[in-house]
Amino acid sequence: MEKSKDPLHGITLQNIVEQLVDFYGFDTLSELIRIKCFSDNPSVKSSLTFLRKTDWARKKVEELYIRTLPKLKTL
């Protein structure tokens, strides 16, 4: 069985958001990606609701996650 080269393979959006929030916190996250769900009364649940409906925002979150992966792996 060949391992997927996609770093997002098998990872849920919830998992991505939770890891980014744990790593950066909502304050830094809202500076890195300027979307309201990270700055106005943020929660993982409300962020997931927004990101599931908004492709461009989800793409930005996934791109940040991929860029952050090397740092996450050192934890």
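**Note on helix packing and two buried hydroxyl residues**

1. The side chains of threonine 68 and tyrosine 24 make a polar contact at 2.8 Å. Keep in mind that this is a predicted model. Threonine 68 belongs to helix α4, which covers residues 55–73. Tyrosine 24 falls within the 13–32 span of α1.

2. Is threonine 68 buried or exposed? Its relative accessibility is 0%, so threonine 68 counts as buried. The cut-off for buried is under 20%. Beyond neighbours within four places in sequence, threonine 68 is in contact with Leu20, Phe23 and Tyr24. Tyr24 is thus listed here as a contact and is also the polar partner of the threonine 68 side chain.

3. Serine 30 sits in helix α1. At 15% relative accessibility, serine 30 falls under the 20% cut-off and therefore counts as buried. What does its side chain reach? The partner is the backbone oxygen of aspartate 27, at 2.8 Å. Leaving out residues up to four places away in sequence, serine 30 touches Phe38 and Ser39.

4. Next, the nonpolar core. The largest one has 21 residues. Which members touch the most others? They are Leu20, Phe38, Leu51 and Val61. Helices α1, α2 (36–39), α3 and α4 each give two or more residues to this core. The largest share comes from α1, with 8 residues. Two of these well-connected members have already come up: Leu20 as a contact of threonine 68, and Phe38 as a contact of serine 30.

5. Leucine 51 deserves its own entry. Not counting residues up to four places away in sequence, leucine 51 touches Leu13, Val17, Ile35, Phe38, Ala57, Arg58 and Val61. Phe38 and Val61 are on that list, and both are among the core members that touch the most others.

6. Now α3 against α4. A pair of packed helices is described by the angle and the distance between the axes. Helix α3 covers residues 44–53, and its axis comes within 5 Å of the α4 axis. The two axes cross at roughly 115°. That angle makes α3 roughly perpendicular to α4.

7. Which residues meet at this crossing? From α3 come Phe50, Leu51 and Lys53. From α4 come Asp55, Trp56, Ala57, Arg58 and Val61. By class, the contact has 5 nonpolar and 3 charged residues, and no polar ones. Leu51 and Val61 take part in this contact and also belong to the largest nonpolar core.

Methods: Residues are numbered from 1 along each chain as its sequence is written. This is a predicted model: local features need pLDDT of at least 70, side-chain atom pairs count only at pLDDT 80 or more; totals for chains, interfaces and linings use all residues. Side-chain values use heavy atoms; hydrogens and water are left out. Helices (H or I, at least four residues) and strands (E, at least two) are DSSP runs, numbered from the N terminus. Buried means under 20% relative accessible area, exposed over 50%, partly exposed in between (1.4 Å probe, protein chains only). A polar contact is a pair of N or O atoms within 3.5 Å; within protein, one must be able to donate a hydrogen and the other to accept it, and residues adjacent in sequence count only if both atoms are side-chain atoms. Contact means heavy atoms within 4.5 Å. Axes are lines fitted to C-alpha atoms, for helices over the stretch in contact, and angles run from 0 to 180 degrees between N-to-C directions. Angles under 35 degrees count as roughly parallel, over 145 as roughly antiparallel, 65 to 115 as roughly perpendicular and the rest as oblique. Ala, Val, Leu, Ile, Met, Phe, Trp, Tyr, Cys and Pro count as nonpolar, Asp, Glu, Lys and Arg as charged, and the others, Gly among them, as polar. A nonpolar core is a set of buried Ala, Val, Leu, Ile, Met, Phe, Trp, Tyr and Cys residues joined through side-chain atoms within 4.5 Å.
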